[in-house]
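Colleague: I should like to understand this structure step by step. May I put my questions to you one at a time?

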Amino acid sequence: MTRVVLSIGANLGDRLARLQSVITGLGDAVAASSQVYETDPWGGVEQDPFLNAVLIADDPACDARGWLRRAGEYERAAQREREVHWGPRTLDVDLIACYDADGEIISNERDLILPHPRAQLRAFVLIPWLDVDPGAELTLADGRHPVVELLYRLQPAGRAGVRPTSLTLSR
């Protein structure tokens with residue numbers, strides 16, 4: 001069995017419907033979903049705010065590459081275009097961490113880096129992740145760290161750019 005932590009986000013079109021499409025696509029594999037947050041864009045590109053959430057999903061038939069394929073399928077279904085690095089998008093589905101029976105999967109392949117190489121820098125990943133797993137840990141080059149610790153290493157302005165909404169995702 002593999003378990004995955006997915007960060008989902010959208011800032012073009014019907015943002016909530018785009019996030020919901022991932023939940024719908026995953027179906028019974030969804031083990032938990034965070035509340036929905038509105039977040040300031042990250043990466044220095046001028047654009048509208050995002051809606052973001054974190055999902056935890058389980059699928060005994062899906063390995064890390066399988067999760068990567070599924071993420072790409074959801075993005076393609078949302079007509080995601082990759083014209084500007086960190087630019088606006090209809091849907092972004094990132095694998096943050098993946099686990100199998102032996103524990104956390106570490107991958108440094110060009111097209112599959114796990115855990116996500118910038119997760120610890122992104123309040124829009126860390127805050128929703130803590131919603132669904134308050135004891136979450138993330139492996140960095142120097143070892144495992146509690147996600148709550150990583151969150152409080154970020155600048156207050158970065159944390160303030162992640163705002164809870166009254167929007168919900170249906171499982």
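Colleague: How many bridges join β9 to β10?
Modeller: Strands (E, at least two residues) and helices (H or I, at least four) are DSSP runs, numbered from the N terminus. Two strands pair if DSSP finds at least two bridges between them. Strand β9 (residues 137-140) and strand β10 (residues 143-146) run antiparallel, and the number of bridges that join them is four.

Colleague: What kind of model is this, and what pLDDT do local features need?
Modeller: This is a predicted model, with residues numbered from 1 along each chain as its sequence is written, and its side-chain values use heavy atoms, leaving out hydrogens and water. Totals for chains, interfaces and linings use all residues, side-chain atom pairs count only at pLDDT 80 or more, and local features need a pLDDT of at least 70.

Colleague: Which residue of β10 is the bridge partner of Glu137?
Modeller: The strands β9 and β10 form a hairpin, with two residues between them. In β9, Leu138 and Leu140 make up the covered face, whereas Glu137 and Thr139 make up the uncovered one. From that uncovered face, Glu137 has as its bridge partner Pro146.

Colleague: How far does helix α1 reach from its first C-alpha to its last?
Modeller: Helix α1 covers residues 15-26, 12 residues in number. The expected span of a helix is 1.5 Å times one less than its number of residues. For α1 that expectation is 16 Å, and the helix comes close to it, with a reach of 18 Å.

Colleague: What arc around the axis do the buried residues of α1 cover?
Modeller: The buried residues (under 20% relative accessible area with a 1.4 Å probe, protein chains only; over 50% is exposed, in between is partly exposed) are Leu19, Gln20, Val22, Ile23 and Leu26. They lie on the same side of α1, because the arc, taken from the directions from the helix axis to the C-beta atoms, is only 150°.

Colleague: Which residue follows α1, and what is its phi?
Modeller: The buried residues of α1 pack against elements including β1 (2-10) and α2 (64-77). After the helix comes Gly27, whose phi is positive, near 55°.

Colleague: How many residues has the largest nonpolar core?
Modeller: A nonpolar core is a set of buried Ala, Val, Leu, Ile, Met, Phe, Trp, Tyr and Cys residues joined through side-chain atoms within 4.5 Å. Among those with the most contacts inside the largest one are Leu26 and Trp67. Leaving aside neighbours within four places in sequence, Leu26 is in contact (heavy atoms within 4.5 Å) with Trp67 and Tyr74, among others. The number of residues in this largest core is 29.

Colleague: Why do Cys62 and Cys98 form no disulfide, and how far apart are their sulfurs?
Modeller: A disulfide is a pair of cysteine sulfur atoms within 2.5 Å, and a search of the whole structure finds zero. Cys62 is buried at 6% relative accessibility, and Cys98 is buried at 0%. The closest cysteine sulfur to that of Cys62 is in Cys98, and it is too far for a bond, at 7.7 Å.

Colleague: Is the peptide bond from Leu114 to Pro115 cis or trans?
Modeller: Pro115 is found in the loop between β8 and α3 (123-132). With omega near -10°, the bond from Leu114 to Pro115 is cis.

Colleague: What is the relative accessible area of Ser33?
Modeller: Ser33 is found in strand β2. Leaving aside neighbours within four places in sequence, its contacts include Ile23 and Arg171. Ser33 counts as partly exposed, with a relative accessible area of 22%.
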